[in-house]
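Here are a few short exercises to work through with the structure open beside you. Try each task before reading its solution.

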Amino acid sequence: MALRFPIYLDNHATTPLDPRVLEAMLPYFTEKFGNSASRQHQFGWEAEAAVELARKQIANLINANPKEIIFTSGATESINLALKGIAFAYSEKGKHIITTQIEHKATLDTCKRLEKFGFKVDYVPVDKHGLVDPDEIKKRITSETILVSVIFANNEIGTIEPIEEIGRICSEFGVLFHVDAAQALGKIPIDVQKLNIDLMSMSAHKLYGPKGVGALFIKKKTPKIKIIPIIDGGGHEGGLRSGTLNVPGIVGFGKACEIAGLEMSEESERIKKLRDKLQDGIMSSLEDVYLNGHPTLRLPNNLNLSFDGVESEAILMGMKEIAVSTGSACSSASVEKSHVLKAIGLNDDLIAGAIRFGLGRFNTEEEIDYTINRVVEVVEHLRKISPKYKLKKEMSKT
Ligand SMILES: *Cc1c(COP(=O)(O)O)cnc(C)c1O
């Protein structure tokens, strides 16, 4: 098959819509346009049935009960609802929250906001691979702690956190546990029961579904988890998230989860092979390239590399037909250095030379072969014209 340009290797930022998902959504834009809250007629019933099917499909993928799924506009909103909702519901019990230094901005900025409201937040450090030590969380739990929030798999370096162990600690101490699973959902198996997860944020557009729809899993348990809603209105979603539901988006999210459940294991295998080929192809042809993230406990589609002596922006300029990103998509809107790469201890040069490759369902082996060649070519060229890199190489020889 002929290569089509540009090649999309930024699947952590967003994924293309799967054509099967689009097909499932289409009728809900046209003839099945009903409001799922309309209880008096066929149009409403049809929409409601579609929403309830999607709720089931999402619940199935994570071993939850459909009643435990609340629809939102995406993981950012889910995270806000979980963190603020818990914080304000439990502030009488305590005002202490524990999270990590490598969370998505949706979590970090929400925590910053809560700090302004008098909450105290601990940001637990990670090791050089981006792993959180569960004991570091345990050490920080006090009688004031109301919530622990940890990212399942990091969006920049792909590191998969020890969620099961952290879940066990939280349940042992009776502290609520929220997980940001935006990157992990549909890429690795998730069982919210086995992992002792109380709340989990998810997003459709990271697993080949549409943008602008997500969900929050809230465990049904006794005592009941209390959440103060952020959006008040018609009392939709059990009063936790008012507003007419995005029916086509929700249908697409459900379909995307169904497909992921059926195809995840085979797909992960295939994508991991391509990712490993990309990694080996680049690292065997170039010196001074470093892997960021955990060598094995990493999402199968993630490859984050630092190219010493070159600026990642220059690499991107040199291969404009390949869509990758430098650090996280969200922090590149503002020009600050990746907080994740800082947290794993990279020096400024290696942060400046970092590129994130995010593989996905629609990448082919030809695209990976092409990318290997282009990366090697561009980096070799940039190093040849870099006096700094040449000087460094000469210094290291003597
Ligand atoms: C994309 C992402 C989010 C935000 O999700 P949206 O649905 O785009 O709001 C949160 N956390 C992680 C880890 C992500 O990758």
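**Exercise 1.** In which helix is the place of glutamate 164? Then decide how exposed glutamate 164 is and find the charged patch that includes Glu164.

*Solution.* Keep in mind that this is a predicted model.
- Step 1: glutamate 164 sits in helix α6, which covers residues 163-173.
- Step 2: its relative accessible area is 32%. Partly exposed lies between the 20% and 50% limits, so glutamate 164 counts as partly exposed.
- Step 3: on the surface, Glu164 joins Asp127, Asp133, Asp135 and Glu165 in a patch of negative charge.

**Exercise 2.** Find where the cis peptide bond before proline 6 and the one before proline 223 are placed.

*Solution.*
- Step 1: phenylalanine 5 is linked to proline 6 by a cis bond with omega near -5 degrees. Proline 6 belongs to the segment before β1 (7-8).
- Step 2: between threonine 222 and proline 223 the bond is cis too, with omega about -5 degrees. Proline 223 is in the loop between β8 (214-218) and α7 (247-285).

**Exercise 3.** Asparagine 196 and glutamate 237 have positive phi values. Locate each one and classify its exposure.

*Solution.*
- Step 1: asparagine 196, with phi near 60 degrees, is in the loop between β6 (176-180) and β7 (199-203).
- Step 2: its relative accessibility is 24%, so asparagine 196 is partly exposed.
- Step 3: glutamate 237, with phi about 50 degrees, lies in the loop between β8 and α7.
- Step 4: buried means under 20%; at 10% relative accessibility, glutamate 237 is therefore buried.

Note on methods
Residues numbered from 1 in each chain as written. Predicted model: local features only at pLDDT ≥ 70, side-chain atom pairs only at ≥ 80, totals over all residues. Heavy atoms only, no water. Patch = residues over 30% accessible without salt bridge, like charges linked within 9 Å, V, L, I, M, F, W, Y side chains within 5 Å. Areas by Shrake-Rupley, 256 points an atom, 1.4 Å probe, with all protein chains shown as cover. Salt bridge = Lys/Arg side-chain N within 4 Å of Asp/Glu carboxyl O. Lys, Arg positive; Asp, Glu negative; His and termini not counted. Charge placed at Lys NZ, Arg CZ, Asp CG, Glu CD. Helix = DSSP H or I, 4+ residues; strand = E, 2+ residues; numbered from the N terminus. Buried < 20%, exposed > 50% of the residue type's maximum accessible area, 1.4 Å probe, protein only.
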